[in-house]
Amino acid sequence: PYDGPRTAEILRKRSEFLSPSLLHLYKNPLNVVDGKMQYLYDEDGKRYLDAFGGIATVCCGHCHPEVVEVIVNQIKRIQHSTVLYLNHAIADFAEALASKMPGDLKVVFFTNSGTEANELALMIARLYTGCHDIISIRNAYHGNAAGTMGATAQSIWKYNVIQSGVHHAVNPDQYRGAFGTEGEKYAKDVQEIIDFGTSGRIAAFISEAIQGVGGIMELAPGYLPAVYKTIKKAGGLCIADEVQSGFGRTGSHFWGFEGHRVIPDIVTMAKGIGNGIPIGAVVTTPEIAEVLTRANYFNTFGGNPVCTAAGHAVLRVIEKEKLQENASVVGSYLKDRLKKLQEKHEIIGDVRGRGLMIGVELVADRQEKTPAKAEILNILDHMKEMGVLIGKGGYHGNVFRITPPLCFTKEDTDFLVDVMDVAMSKL
Ligand code: PMP
């Protein structure tokens with residue numbers, strides 16, 4: 001049993017010693033003290049089904065024994081910077097990661113987070129093309145440092161910092177967008193941005209395959225292939241942000257962009273890559289990677305032995321435990337069950353996503369699509385009381401985000417959907 005500090009004491013310290021901007025998800029915040037695969041435990045030993053572990057990077061499951069063992073063994077042996085010294089872990093993981101990539105994408109730069117990975121990717125694109133303009137999609141989230149906050153396109157995640165050379169394209173939103181599911185129609189906006197907002201040449205286009213923070217919105221089909229063509233014509237590079245949609249989560253493919261039949265010039269990743277260990281990566285072609293030899297790129301902990309050994313173990317576990325296949329099978333079952341629930345509850349406006357990256361958008365009125373902002377918090381809290389944790393997102397904060405560890409089962413799915421049903425019935 002847990003005998004450490006309890007909720008009230010932690011809250012007191014948080015309010016006194018931590019940033020006043022920190023968020024917590026629940027009315028009565030949860031003190032998480034233990035984790036095991038798809039379960040979390042609070043200070044009283046109460047078990048919760050974690051259907052939002054994906055955001056906190058857990059793809060194999062909390063404290064997966066094989067990943068933990070690799071981390072512990074490596075940290076007992078050596079933890080250091082591998083910018084100046086050799087170590088096999090970084091090289092082995094880079095090789096393994098490159099083997100999961102299509103085309104000529106085989107040079108890896110390691111970072112410590114998704115923000116850092118995207119910052120690096122944007123800089124590489126600017127260096128390679130000699131251009132400054134970046135296009136990202138409205139409703140995107142790409143990070144919280146100067147460049148990536150500019151590329152992020154939701155006011156709730158932006159401070160009033162100088163945003164230089166970033167243009168935000170119309171979101172190919174299949175639920176609320178003007179063109180419905182017709183991706184190619186939205187793509188025309190990217191050409192117009194280039195024609196009317198730039199010199200005609202740009203550095204890069206960056207996008208998620210499925211917007212995570214934006215409320216699990218899969219870009220309308222046909223959008224990315226059309227945009228990639230437009231970007232290449234304007235001399236730009238295409239960057240795929242796989243921070244949420246990578247590592248088998250979409251089930252049908254290992255990377256989210258593969259579901260859209262495109263090959264990016266640069267791929268960025270973080271979160272699931274280390275199963276909870278902080279690590280990010282940028283993968284590109286040898287030709288593009290060459291631009292970083294113009295000066296020194298130094299990142300003290302990027303690619304350190306502990307984090308890269310963990311990442312390598314994650315790839316082995318995904319393969320050995322067939323987690324991508326599981327995401328596909330369990331994810332389809334989850335989506336089917338949620339679609340049935342939609343027939344019962346008017347409040348469910350949309351069920352969407354792929355694999356174990358599923359969104360449920362709540363609306364007060366199906367015709368008007370009025371965001372059901374208050375109701376979602378109520379359901380979220382109620383589900384927590386019944387032992388199920390899910391996330392929320394979307395610009396209006398009215399979309400449930402279901403991104404569990406990839407070891408999630410059909411039984412877990414039944415429990416989640418039944419609990420959601422009860423919570424919605426009690427509204
Ligand atoms: N890209 C995407 C798609 C993300 O969802 C996030 C984090 N929510 C980031 C980048 C930034 O990653 P990090 O928080 O590790 O900096």
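## Tour from helix H7 outward

Select helix H7, residues 223–233: Tyr223, Leu224, Val227, Tyr228, Thr230 and Ile231 are buried there (20 or more other C-beta atoms within 10 Å of the residue's own, with C-beta atoms placed from the backbone). Look down the axis of H7: the buried residues fall within an arc of 165°, so they line one face of the helix. The arc is taken from the directions from the helix axis to the C-beta atoms.

This is a predicted model: local features need pLDDT of at least 70, side-chain atom pairs count only at pLDDT 80 or more, and totals for chains, interfaces and linings use all residues. Residues are numbered from 1 along each chain as its sequence is written.

Add helix H6 (183–197), strand S7 (204–208) and strand S10 (237–241). They are among the elements that cover the buried residues of H7. Then pick Gly235, just after H7, with a positive phi of about 75°.

Next, the sheet. Show S1, S2, S3 and S16, an open, mixed sheet in that order. Pairing requires at least two DSSP bridges between two strands. S1 (32–36) and S16 (388–389) stand at the edges with a single partner strand each, so one side of each lacks a neighbour in the sheet. Zoom to S3 (residues 47–50), which pairs with S16 in the parallel sense over two bridges. Leu49 stands opposite Val388 of S16.

Zoom out. The chain has twelve helices and 18 strands, counted as DSSP runs (H or I, at least four residues; E, at least two) and numbered from the N terminus. Its C-alpha trace spans about 60 × 60 × 45 Å along the principal axes. Colour by burial: 51% of the 427 residues are buried.

Definitions and conventions: Buried ≥ 20, exposed ≤ 12 C-beta atoms within 10 Å, placed from the backbone. Contact = placed C-beta atoms within 7 Å.
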